[in-house]
Amino acid sequence: MTANLSPSSLREAFGHFPSGVIAIAAEIDGIRTGLAASTFVPVSLEPPLVSFCVQNTSATWPKLRELPFLGISVLGESHDEAARALAAKTGDRFAGLRTVSTGSGAVFVEGTSVWLESSIEQTIPAGDHTIVILRVSGITVHPDVPPIVFHRSTFRRLGA
Ligand SMILES: Cc1cc2nc3c(=O)[nH]c(=O)nc-3n(C[C@H](O)[C@H](O)[C@H](O)COP(=O)(O)O)c2cc1C
């Protein structure tokens, strides 16, 4: 056991926990806006709630949190480049990505396994992140798309 709780040690330790990756996105004045997140967690069935954690330093979240609806897309195993692009500091995060924008303003990435249309239900400050609880208002499932897995800073595929 070590008491080294530096951010880099914690990031390395937390990275051993494998997770999926989502895109959370919406249109703002016709511009697709969003980010990649690996902290997505389903929370409740009744009511239908999911969550993810956003860094308090995020420049994109203050724009998204003002919107009535956000699109969550669970990225598929072919989306490793897309996941990196959706986290890029500069440039169009959606360049080369086919997306669907709904009338609600939510943006979904084509070719992903699950789309969840959602609205912010609650936010909970948690250290240098904020836990965002979202209420799901619509679901689309493409069951044959295998997920991408983020593990130790690397994108992996599920074994057969
Ligand atoms: C695989 C992956 C997972 C990520 N997960 C999260 C996350 O759960 N929460 C978060 O705030 N940022 C996460 N990021 C970083 C964001 O995608 C984005 O880079 C960050 O919010 C900085 O951009 P912004 O200032 O425009 O928000 C992740 C990035 C990658 C590549």
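The legends below describe close-up views of the largest pocket and the ligand in a predicted model.

**View 1. Largest pocket of the predicted model, with the residues at its centre.** The space in this pocket comes to about 1800 Å³. Its lining consists of 49 residues, and those nearest the centre are A36, S38, T39, Q55 and H129. By class, the lining holds 23 nonpolar, 16 polar and ten charged residues.

**View 2. Helices and strands that line the largest pocket.** At least two lining residues come from each of α1 (7-14), β2 (31-37), β4 (49-55), α3 (80-85) and β10 (148-151). Strand β2 contributes the most, with seven residues.

**View 3. The ligand in the largest pocket.** The ligand sits in this pocket, and β2 and β4 are the elements that give two or more residues to the shell around the ligand. There are 18 residues around the ligand, of which A36, T39, C53, S58 and T60 come nearest. The shell is made up of eleven nonpolar, five polar and two charged residues.

**View 4. Polar atom pairs between the ligand and A36, C53 and T60.** The pair at A36 joins a backbone N or O atom to an oxygen atom of the ligand, at 2.7 Å. At C53, a polar backbone atom is 2.8 Å from a nitrogen atom of the ligand. T60 takes part through its side chain, with a polar atom 2.4 Å from a ligand oxygen atom. On its own the ligand has 610 Å² of accessible area, and the protein covers 87% of that area.

Technical notes:
Residues numbered from 1 in each chain as written. Predicted model: local features only at pLDDT ≥ 70, side-chain atom pairs only at ≥ 80, totals over all residues. Heavy atoms only, no water. 1 Å grid on protein atoms, 1.4 Å probe; cavity = no way out; pocket = protein on both sides within 12 Å on 5 of 7 lines; lining within 4 Å. Points joined across faces, edges and corners; volume = space filled by probe spheres on them. Helix = DSSP H or I, 4+ residues; strand = E, 2+ residues; numbered from the N terminus. Nonpolar A, V, L, I, M, F, W, Y, C, P; charged D, E, K, R; others polar. Near = heavy atom within 4 Å. Polar contact = N/O pair within 3.5 Å; in protein donor to acceptor, adjacent residues only side chain to side chain. Areas by Shrake-Rupley, 256 points an atom, 1.4 Å probe, with all protein chains shown as cover. Sits in = over half its atoms within 2 Å of the grid points.
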